[in-house]
Amino acid sequence: AQVSVGDVSLVEGNSGTTNAIFTVSLDRASDTDVTLQFATSGGTATAGVDFASGAGSVTIPRGQTSATFAVAVNGDTISEADEQFTVTL
């Protein structure tokens, strides 16, 4: 089966955190649970400052084709251009 994760776009806000919700998908349902490991890495956004740096796992239950996981994005009042980070499965 092929796995993909979609792009997410959001407004971070001026304070606190907002979750970027990622959907990971299979091209077809599996007969068993599919557990995937993911990790975040910086791009124009800084890990640990602009978003929560780290790793985790997400499980797509058997018979299903998608599941979601969240990455916390930190709000601030700094005027900045659009920023991005990467999620690697």
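Begin by selecting Asn19 and then Ala72 in β5, since Ala72 is the bridge partner of Asn19. The model you are looking at is predicted, so local features are described at pLDDT of at least 70 and side-chain atom pairs count only at pLDDT 80 or more, while totals for chains, interfaces and linings use all residues. Residues are numbered from 1 along each chain as its sequence is written, and side-chain values use heavy atoms, with hydrogens and water left out.

**The whole chain**

Colour the protein by secondary structure, and you will find 0 helices and 6 strands, which follow one another from the N terminus as β-β-β-β-β-β. These elements are DSSP runs numbered from the N terminus, with helices (H or I) needing at least four residues and strands (E) at least two. Zoom out to take in the C-alpha trace, which spans about 50 × 20 × 20 Å along its principal axes. If you turn on the surface, its accessible area comes to about 5,500 Å², of which 45% belongs to carbon and sulfur atoms; areas here come from the Shrake-Rupley method with a 1.4 Å probe, and for residues only the protein chains shown count as cover. Of the 89 residues, 24% count as buried, where buried means under 20% relative accessible area, exposed over 50%, and partly exposed in between (1.4 Å probe, protein chains only).

**The sheet β1-β2-β5**

Next select β1, β2 and β5, which form an open sheet of 3 strands in that order, with antiparallel pairing. Two strands are said to pair if DSSP finds at least two bridges between them. β1 (3–5) and β5 (66–74) stand at the edges with a single partner strand each, so one side of each is left without a neighbour in the sheet. From one strand to the next the twist averages 25 degrees, with axes taken as lines fitted to C-alpha atoms (for helices over the stretch in contact) and angles running from 0 to 180 degrees between N-to-C directions.

Look first at the join between β1 and β2, where the strands run antiparallel and are linked by 3 bridges, and where Ser4 stands opposite Ser25 in β2. Then move to the other join, where strand β2 (residues 17–26) and β5 pair in the antiparallel sense over 9 bridges. Along this join you can select Thr18 opposite Val73 in β5, and also Ile21, whose bridge partner in β5 is Ala70.

Stay with β5 and show its side chains. In a regular strand the side chains alternate between the two faces of the sheet. Which residues of β5 make up its covered face? They are Ala67, Phe69, Val71 and Val73, whereas Ser66, Thr68, Ala70, Ala72 and Asn74 make up the uncovered one.

**The sheet β4-β3-β6**

Now select the other three strands named in this heading, which form an open sheet in the order β4-β3-β6 with antiparallel pairing. Here β4 (55–60) and β6 stand at the edges, each with a single partner strand, so one side of each lacks a neighbour in the sheet. Neighbouring strands of this sheet are turned by 30 degrees against each other on average, direction ignored. Strand β3 (residues 34–42) pairs with β4 in the antiparallel sense over 6 bridges, and Thr35 has Thr59 in β4 as its bridge partner.

**Two residues to compare**

Is Ile60 buried or exposed? Ile60, in strand β4, is buried, with a relative accessible area of 0%. Leaving aside its neighbours within four places in sequence, Ile60 is in contact (heavy atoms within 4.5 Å) with residues including Val24, Leu26, Val34, Leu36 and Ala67. If you draw a distance from Ile60 to Leu36, 24 residues apart along the chain, their C-alpha atoms are separated by 8.2 Å.

Ala81 lies in the loop between β5 and β6 (85–88), and Ala81 is exposed, with a relative accessible area of 62%. The C-alpha atoms of Ala81 and Gly6 are separated by 22 Å, with their positions 75 residues apart along the chain.

**The largest pocket**

Finish by selecting Val8, Ser9, Leu10, Glu83 and Gln84, which lie nearest the centre of the largest pocket among the 25 residues that line it. The elements that give two or more residues to this lining are β2 and β6, and β6 gives the most, with 3 residues. About 660 Å³ of space lies in this pocket. A pocket is an open set of points on a 1 Å grid over the protein atoms alone, where a 1.4 Å probe fits and protein lies on both sides within 12 Å along at least five of seven lines, and lining residues have an atom within 4 Å of a point. Grid points are joined across faces, edges and corners, and the volume is the space filled by probe spheres set on the points.
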